[in-house]
Amino acid sequence: MTVSLVVSVVVVAVLALLIAVVIYFASTARRLGRYREQTVQSLRLVDVELERRHEQLVPFLDAAEASGLSAESLRQLGGARSWSKAVRERGMGLQAQAAAENALSAAFHTVLAEADAGRNVLGNWAFQGPAGELIVTERRIAGAVRVYNDTAYRLSQAVGTFPSSIVAKSRSVIAPEPFVETREMPDEQRSAQAVA
């Protein structure tokens, strides 16, 4: 085997390797970009559904108050709505927002449970209409959060796994925060932060 043949084989091998690396880099960058865009769009969907719930709560609270439901449970629902809105406006992060939204859902379901137990709103369409819309919105929120968390997890996996982590770092792609409630800080501290 001559030296020129060996050099040609090495050059061809190096070129093939470089082409493979460039193709991998380009496809990974495209995949990361797609995951990032899906994550952004799914978070927008969560925001749309949360905003819809905030708007739907106004007629629901009015109807619940007119139906003679417990003032205490309605105060809790109103407070949970205010806390949720404050957390979103202050941009306290998705974990704090998830905690606030979960508290709002719990307060809403408490009012529904009280209405079901009292049976004083069975034929009251002024209450049942807004309640039904909110129940549908609650399901849509749960679905939107699930989609967001799935896309955020997929992006996090790509960002944290070698060798795609190298491409992510070069493109300044970071792992997104999940939309889940954590118990890192006490509820009282979270409430104080929301009020501040």
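## Burial and surface

A residue counts as buried when its relative accessible area is under 20%. In this predicted model, buried residues make up 34% of the 196 in the chain. The accessible surface of the chain is about 11,500 Å². Carbon and sulfur atoms hold 62% of that surface.

Charges come in two sets: 21 positive side chains and 20 negative ones. The centres of these sets lie 11 Å apart.

## Fold and dimensions

The chain has six helices and zero strands. Read from the N terminus, the order is α-α-α-α-α-α. Among the contacts with a separation of 6 or more, 77% join residues 24 or more positions apart.

The radius of gyration is 26 Å, whereas a compact globule of 196 residues would have one near 16 Å. Along the principal axes, the C-alpha atoms fill a box of roughly 95 × 35 × 25 Å.

## Backbone around α5

Most residues other than glycine have a negative phi, and most peptide bonds are trans. Two sites here depart from those patterns, one on each side of α5.

The peptide bond from Phe162 to Pro163 is cis, with omega near 5°. Pro163 sits in the loop between α4 (125-160) and α5 (164-170).

Ser172 is not a glycine, yet has a positive phi of about 60°. Its place is the loop between α5 and α6 (187-195). Is Ser172 buried or exposed? Ser172 has a relative accessible area of 58%, so Ser172 is exposed, the cut-off being over 50%.

Note on methods
Residues numbered from 1 in each chain as written. Predicted model: local features only at pLDDT ≥ 70, side-chain atom pairs only at ≥ 80, totals over all residues. Heavy atoms only, no water. Helix = DSSP H or I, 4+ residues; strand = E, 2+ residues; numbered from the N terminus. Rg over C-alpha atoms; globule rule 2.2 N^0.38 Å. Buried < 20%, exposed > 50% of the residue type's maximum accessible area, 1.4 Å probe, protein only. Contact = heavy atoms within 4.5 Å. Areas by Shrake-Rupley, 256 points an atom, 1.4 Å probe, with all protein chains shown as cover. Lys, Arg positive; Asp, Glu negative; His and termini not counted. Charge placed at Lys NZ, Arg CZ, Asp CG, Glu CD.
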